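Thanks for sharing this one. Here are my notes, set out point by point, with the pockets taken up before the overall fold.

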Amino acid sequence: MLDEDDPIFANEDLLRIDHIPEHDKIVGRNDQIETVARRLKPTITGGSGKGTLLLGKSGSGKTLVTRYVSREVEERGAETDTRIGRAIIDCAQRRSEVQTVIHLSKSLNDPQKTGITIPHSGIATGAYYDRLWTVIDKLYDAIIVVLDEIDRLAPPDDARNIPGGGRRQ
């Protein structure tokens with residue numbers, strides 16, 4: 001049984017969360033792809049892309065479009081010897097801004113080239129940002145950061161309006 005091919009899936013890789021299909025397999029999102037591509041195009045030559053906020057219902061293809069376009073931009077940058085870093089962070093899996101910065105730093109860092117370590121905890125938030133900026137400066141001409149589900153990092157609306165941040169005193 002363990003040596004037999006799985007008859008259910010012809011290509012199980014298609015089910016991976018990080019799988020990015022080719023353009024012809026992304027249906028009904030050409031306008032969105034063009035919009036995001038237009039905003040990220042300067043990155044190909046090391047320029048500054050334009051910050052973009054994508055809004056839409058869950059399952060509408062926002063993450064798919066950003067994954068696809070950012071991969072394409074990264075590949076085009078490589079053709080022009082532009083060092084483009086790309087990090088896609090699922091903020092729903094992070095508990096805080098600090099955890100997000102740690103994950104972003106680890107995603108972009110190559111400790112062999114930078115000599116920088118990113119600990120899981122134990123240093124101030126500002127120190128994590130300093131390490132992130134150092135990594136970016138040493139390794140990249142431009143970076144693309146996708147903060148998926150960023151609204152999950154914000155406290156609930158009612159917690160912002162209660163003294164003590166919604167904690168019981």
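Which element gives the largest share of the lining of the largest pocket?

1. Strand 2 does, with seven residues in that lining. Please keep in mind that this is a predicted model.

2. The largest pocket holds about 1200 Å³ of space. Its lining counts 40 residues, and those closest to the centre are Leu54, Thr66, Val146, Leu147 and Asp148. Two or more lining residues come from each of helix 1 (30-40), helix 2 (62-79), strand 1 (84-90) and strand 2 (142-148).

3. If you are thinking about chemical character, the lining of the largest pocket divides into 15 nonpolar, 15 polar and 10 charged residues.

4. The second largest pocket has a volume of about 160 Å³. Among its 13 lining residues, Val101, Leu104, Tyr129, Leu132 and Leu147 lie nearest the centre. Helix 3 (97-108), helix 5 (125-139) and strand 2 each supply two or more residues here. By class, this lining has 11 nonpolar residues, one polar and one charged.

5. Leu147 deserves a look in your viewer: it is listed among the residues closest to the centre of the largest pocket, and also among those nearest the centre of the second largest pocket.

6. On the fold, the protein chain has six helices and two strands, in the order α-α-β-α-α-α-β-α along the sequence. Of the contacts with a separation of 6 or more, 62% join residues 24 or more positions apart.

7. Finally, the surface: buried residues make up 27% of the 169 in the protein chain. The accessible surface is about 11900 Å², with 50% of that belonging to carbon and sulfur atoms.

Note on methods. Residues numbered from 1 in each chain as written. Predicted model: local features only at pLDDT ≥ 70, side-chain atom pairs only at ≥ 80, totals over all residues. Heavy atoms only, no water. Helix = DSSP H or I, 4+ residues; strand = E, 2+ residues; numbered from the N terminus. Buried < 20%, exposed > 50% of the residue type's maximum accessible area, 1.4 Å probe, protein only. Contact = heavy atoms within 4.5 Å. Areas by Shrake-Rupley, 256 points an atom, 1.4 Å probe, with all protein chains shown as cover. 1 Å grid on protein atoms, 1.4 Å probe; cavity = no way out; pocket = protein on both sides within 12 Å on 5 of 7 lines; lining within 4 Å. Points joined across faces, edges and corners; volume = space filled by probe spheres on them. Nonpolar A, V, L, I, M, F, W, Y, C, P; charged D, E, K, R; others polar.
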